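Student: Please choose one part of this model and examine it closely for me. I should also like to know how that part is set within its surroundings.

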Amino acid sequence: MSYIELKNIKKEYIMGSIKIIAAHDVSFTIEKGELVVILGPSGAGKTTILNLLGGMDNATSGHIIVDGEDITSYNRKQLITYRRNSIGFVFQFYNLVQNLTALENVELAVQICKNPLKPEKVLGEVGLKDRMNNFPAQLSGGEQQRVAIARAIAKNPKLLLCDEPTGALDSKTGIKILELLQKSCRELGMTTIIITHNAIISEIADKVIRLKNGTIEEIKINKKPKNVKELDW
Amino acid sequence: MRLLYKLSFQKMRKNIGRFLSVLFIVALGVGFFAGLRETTPDIQLTLDNYYDDHHLMDFKIVSTGGLTEEDVESLKALENIEKVVPSYSVDVLIDGEEVRVSAIEEEINNVALKEGKMPEKNNECIADATKYKIGDVLKITKMSQEGILTTQEYTVVGLADSPLYLSRKMGIASIGTGELETFIYVPRSNFDLKYYTEIYLTAKNSLEEVAYEDGYEEVTNLLLKELEELKPIRETKRYEEILEEATIEIRKIENEANEEIKKAETELNNALSEINSGRNEINDAKNELMQNEKKLNEEEKNGIVQINNAKASWEENYNVFINTLSSLGLTENTLDSSLTTLNTEIANLEQILSTLPETDPNYSATKAALDNLKIEKNNLETLITTRDTLNTSKTEIENSEKELKTKISSARAEIEQARSQIATNEQELDKGYEEYLNGLNTLNEKKAEVEKQIADAKAQLEKIEKPEWYLLDRTDNNGYSSVWDDAMKVDAIAGIFPIFFIIVVALMCFNTMNRMVEEERGEIGTLTSLGYGNFSIINGYLFYIFFATVIGVTIGLLIGYTLIPNVIYSIYHANYILPKLEINMKLLPFFIIILITLGLMSLIAIISCLKELKNVPATILRPAAPKAGKKVFLEHIKFLWKRLSFTGKVTARNMFRYKKRIIMTVLGVVGSTALLLTGFGLRDSISSLADLQYGKINHYDALFVLQNNFTNLTNDMTAKLQEDHITEYMPIYQASFTFEAKDLTHDVYLIALSNPSDINKFITFNSKVNDEFIFPDDGVIISEKMANLLDIQIGDFIKKRSSSNELVVLPVSEIVENYTMHYVYMNKATYEKYFETELKYNMIMANLDDNINHDELASKWMDAGLTSTINFTEDNIEIFDNMVGGLNLIVLLIIGASCMLAFIVLYNLTTINIAERIREISTLKVLGFYDKEVSSYVYRETLFLTIFGILLGLVAGIFLHMYVINVAETDNILFLHSILWPSYIYSFLIIILFTIIVQILTNQKLKKIDMVESLKSVE
């Protein structure tokens, strides 16, 4: 059995009298330690999948099994616990708490989970050893995203979910972030899912899931995923 | 443009909470502000109408010399006068209570009839509606000046209030305990007086002026000036009149007395002349008597001489006779026998002779012998005749002697009788004379007396003081000034609260608008980029604000105008007897308030919008740069910072980050807490008074007000006390006086005690200046508030002006704790020393058995004629509590308002807090914070700030309370200045409770935050 398994996931939103189907019959599996890219244009249902995987939303039907647990049957509190211990998020806009230093932002996440990594160490690993005590406003976008990644990794989650992690960054910085993600996946064995509309990024993935209009268009397994540096940006 | 308005409506609908919160903030602020501001004008209007409708006088003149028709005429001649109404009043006792009886006047000081009708008969009256019932029969037992009223018994036919008696404490009476209890009005014809006791005046144009306003003052001052000029003139005139009247009276008395004396004198003179003529008569009689006596004596003498002469001649004859006899050898006794013998011999010889012829020798011889014998016989016979004659004359002499003697003695007896008659008469005459002398004495005495009387009267005349006019204005009515002072106090209190509210409201609105504009930054950017001008965009917000403000102001004003003045006015009813409040909804202030509020709110909206609009559209379109985090100063205090938990650090940072909101939160909480504590503190200050005053200080059970004053308790009284098992009692003297010190005066109870060493059983004195209270032997004890008001320290003096205007100066030796009324205590010796009169007790302080029935006790003593009333301390507590009950309402109002304020402030700020930090909160959620953890992360700082605010607020509350107490305190009451500890706890808990309620309410919002949406983009 795969580490993560989506079975016939369907997600409907009801907006007034209109029913919007955001995802329909989505099924795929992800193995432990895999780097997966979910690819698709805007409105293809990427974020829906991410939300469902991240335990921020419940599916209308179907099952999501993570490490043997079916999270679709989770209630609100169980979902929070799931997010708390099993998921690390990296957002397009970093979502750092402005009022906390880099270190504190990491600590904020770490203090609530079961077996976290040491914040200082993780920050060191993402290359922010010297900037640990800076506030987000004092950091560049890339640095902020590194903090965000450090925050996600430090939780020692089962799954690292990244929503357009390079979306707000210039390409040079974006590459560095992707490098970091790839590195963490490879070195720490962190199962990582990157959501993006940028097809180029998919080249670094072990598995590429292409979405379109809420359904899976294609699941492609890269036998030889490229290194970030090899990418033709 | 129309679309923009539609957008505004949609904003209202979509975020109805925000719209309503702006609306209610405005409503609350405006309502409070307007309500409190309008209270005093409403009360003023109500009072002014009350005064005008019932023709309340502007001035009242009373004079120590009474007032006359001439006074009235001269007053009518004044320029600024409107009405002059001479009238009568007198203070009387009815059922032992001091009642002022006034004549009903049609044109002035009309009563406000509440029930029944105006009197039609002489023995009907209008009475105090708060005291009597229709049909009550009021019997006057005593008058301050006897005989003034012709009718002593009145039936109540109407109940009324009077603008003359606004305060339930009606003032000073000139009878009884000196405290006026109530009033009645009787028909004028009941007064039987030569002069008026008072004259009521109104000033020209005063009716048009509003009471208590400067205009009223100005108008009445015109008249006052005239009155003051007239005063000395009329006083002198009246003085002369009184002098003249008195002089005439004296002259009349003098004349009458003189006439009487004259009459008595005439009578006496008559009596004297009678006596004199009597005496003359007696003298005449005496003379006659004397002459008669003399005559008698002469007669007697003559008689005796005659008799003696007769006796002597008889003696002589007798002697001749005797001598003859003896020459004849005869004795008187033998004379007859000799004759007989001779006769015999003659007869013998004749016989012989007859026998013998003539020639017988012997014849011749015998004849010769016979002849001889015959001669002899002749001689003898002559002798015998002589003897007989002698004898007869002797008898005669003896008879006449006897006769003389009888005659004389009878005459003498007559004379003696006459003499004694005269003596009697003389005695009587002497008695008469004595009487006359007595009469004369009496007359002289009387004369002296009359002279003295007249001299005294004349001296008195000189002592007659010039009558003094007292010009009293409306402020002389108990309550007229104080009701206004109280209203001004409410105004003063009202002054702080609204400012507080307005500031908070303005800040809240500013905050809300700011937030709203910030949140809609994107929209504004879009609109700007679409080419909408700043004006149009601001207009949209103004439209929003316009709705919220107009509706809010309207609601606020409607509620504020009606509710607040009525609540405050109802408090007045505890102390005053007032008409129903007239709510005066003036349109102009209404619109002014709307306009000002609108202006203010618009300004807020414009400032908020301009802050965003000053940027170019592109900048506006981009999300606002998040506020940068910063190290807070706490972090530099390493040892403290290290000790803080992680969340503690976060909280500390946040608090310094969102300074504006933090300050607002703290301010709001400080304000609410301070208000709340003030509210509770006021309750403490007020409601504990009864307990303190009547439980701790004046803890005696009853005060017997005696019918008669006495220097020592009568046996009756002690027996009665014993009978009722009253073992603890103390006679006291208590009276209500006006005391002065340093130009200030106050009505005060003077209490002189018979036995200060026992006073602890009845009154507990706690010295405010010394560690231990010792009853001073010399000098007086005064109560705390009086000391404050008159600014007196120990060693200062208080003065009391006696009725004859003399000053009694008393040294102050001690100041004691006291909360209601003012008291001056002293011992007997002090009283007698300074007042220079013997102390007479008029009341008894007593402690009663717990099971004694008060009503029975009172009626028993009153029926026995011993007391006029008994005041039970228990009743005082009740009265006091009633009074305080009213004040509790205002406390409730304050508490309610502060709770609302707390709620609105906390709700508003919490909502904004959440809105401002929505990304952060979403992040936390995504990071897997449980709801509770999220809440505590968000609310911790609010809670901390709230607690910090509460603590500050409690401190601020102490000062606010102090201020409010100082403003609200009336002259007769000393509020407890401290706040009891439960109030701190209540205030604390209530604000915390509201914080929690607000958090529970906003927690729903927190839960509903869609993390996905808020994480997506910054907008």
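Tutor: Two residues are in contact if their C-beta atoms, placed from the backbone, lie within 7 Å. This is a predicted model, in which local features need pLDDT of at least 70 and side-chain atom pairs count only at pLDDT 80 or more, while totals for chains, interfaces and linings use all residues. Residues are numbered from 1 along each chain as its sequence is written, and chains are lettered from A and ligands numbered from 1 in the order in which they are written.

In chain B, 84% of the contacts between residues at least 6 apart in sequence join residues at least 24 apart. Chain B contains 24 helices and 20 strands; here helices (H or I, at least four residues) and strands (E, at least two) are DSSP runs, numbered from the N terminus. Of its 1019 residues, 36% count as buried, where buried means 20 or more other C-beta atoms within 10 Å of the residue's own, exposed 12 or fewer, and partly exposed in between, with C-beta atoms placed from the backbone.

The part I have chosen is a sheet of chain B. Four strands form this open sheet, in the order β2-β10-β1-β11, with antiparallel pairing; two strands pair if DSSP finds at least two bridges between them. The edges are taken by β2 (81-87) and β11 (469-473) of chain B, and each has a single partner strand, so one side of each is left without a neighbour in the sheet. On average, neighbouring strands of the sheet are turned by 20 degrees against each other, direction ignored.

Let us consider one pairing in detail. Strand β1 (residues 59-67) of chain B is joined to β11(B) by 5 bridges in the antiparallel sense. At one position, B:Tyr470 in β11(B) stands opposite B:Val62.

Two helices accompany the strands. Helix α3 (residues 69-76) of chain B lies across β1, β2 and β10 (196-203) of chain B, and its direction is at about 170 degrees to that of β2(B). For such angles, axes are lines fitted to C-alpha atoms, for helices over the stretch in contact, and the values run from 0 to 180 degrees between N-to-C directions. Helix α4 (residues 214-327) of chain B lies across β1, β2, β10 and β11 of chain B, at about 155 degrees to β11(B).

What does B:Leu201 touch, leaving aside residues up to four places away in sequence? Its contacts are B:Met57, B:Asp58, B:Phe59, B:Ile61, B:Leu75, B:Ile81, B:Lys83, B:Val84 and B:Leu223. B:Leu201 also belongs to the largest nonpolar core, which has 156 residues, and within this core B:Ile184 and B:Leu201 touch the most other members. A nonpolar core is a set of buried Ala, Val, Leu, Ile, Met, Phe, Trp, Tyr and Cys residues joined through C-beta atoms within 7 Å. The core takes at least three residues from each of domain 1 (1-51 + 502-625) and domain 2 (52-238) of chain B, the bounds being those of an automatic or database domain assignment. There is a second, separate core of 82 residues, and among its members are A:Leu6, A:Ile38, A:Val90 and A:Val208.

Chain A completes the surroundings. It has 6 helices and 10 strands, and 52% of its 233 residues count as buried. Between the chains, 23 residues of chain B are in contact with 25 residues of chain A. On the side of chain B that touches chain A, α14 (646-657), α21 (918-926) and α24 (1011-1016) of chain B each supply at least two residues. Of the contributors, α14(B) gives the most, with 5 residues. Chain A's helix α2 (residues 76-86) has as its buried residues A:Ile80, A:Tyr82, A:Arg83, A:Arg84 and A:Ser86. These buried residues of α2(A) are covered by elements that include β4 (61-66), β6 (87-90) and β7 (159-163) of chain A, together with α21 of chain B.
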